[in-house]
Amino acid sequence: MSSCRRPEHTAPPDVFYNADEAKKYSQNSRMIEIQTQMSERAVELLNLPEGQPCYLLDVGCGSGLSGDYLTDEGHYWVGVDISTAMLDVAQDREVEGDLLLGDMGQGMPFRPGTFDGCVSISALQWLCNADKRTHSPPKRLYTFFSTLYSSLSRGARAVFQLYPENSEQLELITSQAMRAGFSGGMVVDYPNSTKAKKFFLCLFAGVTGVLPKGLGSEMSDKNVPNQVQYSGQRCRFKNMKGKSAKKSRDWILEKKERRRRQGREVRADTKYTGRQRRPHF
């Protein structure tokens, strides 16, 4: 991506995300779809306990699109964003989470061990820019990661979807995260695709975890020339609301596939999977 197209090179985040830009995140169906898909993947990488509501932090929550997905999954959340215009849209949309105006580069103002996990969609790369003379990207990144580390419970994960400008920026971000105490690394979905490629920084607080595999990465191990396939790509079975009906066969298959990607043991699919049983009298 050329530098002229990157929003963080246009203006500071609190200026770039003005009222006009904020409206796009509540009216543009394409933006809503992309944000929801990336939020789904981020929550998947969090590897939260199955069927247990968690208390999560959404950094750079914007208009609350990621929060909507967290709410749909049964979680409670707090959103932090630097743009008043984006938070105003989130309030108008009456999102379920609590909203806080704040600059992530100045740290997270929460008590130690508050959250069970953290997600962030398309926000972290903004800290790599110095918008003021007093801004130092390494210092701001370290301040953010160190305060986030203390805000998370032991064993919690933080997952950041980001658009890195280059390898040096990735190195800067990961080095400051490790310096703050995190372990983990980068998960890259569909590494051989220009459009589908996505970067997720997956961090572990207080423990050393096994880094999940990126979607589509299994194809990079197969030296198949002139062939583009993504056998690991998520296939979603949608009804009119965009989701499979709960307890349906499609819903069960999606849930089992999600658990497989998390490295858990799952029973094999059979013709009896999701079959309705007769009522008992």
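How many salt bridges does the count come to? The count comes to six salt bridges. Before we look at some of them, please keep in mind that this is a predicted model.

Let us begin with helix H3, which spans residues 29-46. Here the side chains of Arg 30 and Glu 33 meet in a salt bridge, with a distance of 3.7 Å from N to O. That fits within the 4 Å limit for a salt bridge. The two residues sit three places apart in helix H3, or about one turn of the helix. An α-helix has 3.6 residues a turn, so residues three or four places apart point the same way. Glu 33 counts as partly exposed because its relative accessibility is 34%, and the partly exposed class lies between 20% and 50%.

Further along the helix you will find Arg 41, which has two salt-bridge partners to follow. One of them is Glu 44, and here the closest N and O atoms are 2.4 Å apart. Once again both residues belong to helix H3 and are three residues apart, about one turn of the helix. Arg 41 and Glu 44 are both buried.

The other partner to look at is Asp 189, whose salt bridge with Arg 41 brings the closest N and O atoms to 2.8 Å. This pair links distant parts of the chain, since Arg 41 is in helix H3 while Asp 189 is in strand S6 (residues 183-189), 148 residues away. Asp 189 is buried, as is Arg 41. Through shared partners, the salt bridges join Arg 41, Glu 44 and Asp 189 into one network. As a general point, side chains of opposite charge can pair when their charged atoms come close.

Now step off the end of helix H3 and into the loop that leads to strand S1 (55-59), where Asn 47 has its place. Asn 47 has a phi near 55 degrees, which is a positive value in a residue other than glycine. With a relative accessible area of 25%, Asn 47 is partly exposed, because that value falls between the cut-offs of 20% and 50%. Gln 52 is found in that loop between H3 and S1 as well. Its relative accessibility of 45% makes Gln 52 partly exposed. From Gln 52 to Gly 74 there are 22 residues along the chain, and their C-alpha atoms are separated by 8.0 Å.

Next comes helix H4 (residues 65-72), which holds Ser 66. Ser 66 is buried, because its relative accessible area is 2%, under the 20% cut-off. Ser 66 and Ile 32 are 34 residues apart along the chain, with 9.1 Å between their C-alpha atoms.

Helix H5 (residues 84-92) is our next stop, and Asp 88 is one of its residues. Ala 85 lies in helix H5 too, and it is buried at a relative accessible area of 16%. In sequence, Ala 85 and Lys 23 are 62 residues apart, while in space their C-alpha atoms are 8.8 Å apart. Asp 88, in contrast to the buried Ala 85, counts as partly exposed, with 42% relative accessibility.

Asp 88 also brings us to the surface, where it gathers with Asp 92, Glu 94 and Glu 96 in a patch of negative charge. Within this group, Glu 94 lies in the loop between H5 and strand S3 (98-101). Glu 94 is exposed because its relative accessibility is 65%, over the 50% cut-off. Like Asn 47, whose phi is near 55 degrees, Glu 94 has a phi near 55 degrees, a positive value in a residue other than glycine.

Moving on to strand S5 (residues 152-162), we meet Ala 158. Ala 158 is buried, with a relative accessible area of 0%. Ala 158 and Gly 117 are separated by 41 residues in sequence, yet the C-alpha distance between them is 5.6 Å.

Our walk ends at helix H8, which covers residues 249-261. This helix has 13 residues and reaches 19 Å from its first C-alpha to its last, close to the expected 18 Å. Among the residues of H8, Trp 251, Leu 253, Glu 254 and Lys 256 are buried.

How values were computed
Residues numbered from 1 in each chain as written. Predicted model: local features only at pLDDT ≥ 70, side-chain atom pairs only at ≥ 80, totals over all residues. Heavy atoms only, no water. Patch = residues over 30% accessible without salt bridge, like charges linked within 9 Å, V, L, I, M, F, W, Y side chains within 5 Å. Areas by Shrake-Rupley, 256 points an atom, 1.4 Å probe, with all protein chains shown as cover. Lys, Arg positive; Asp, Glu negative; His and termini not counted. Charge placed at Lys NZ, Arg CZ, Asp CG, Glu CD. Helix = DSSP H or I, 4+ residues; strand = E, 2+ residues; numbered from the N terminus. Buried < 20%, exposed > 50% of the residue type's maximum accessible area, 1.4 Å probe, protein only. Expected span 1.5 Å × (residues − 1).
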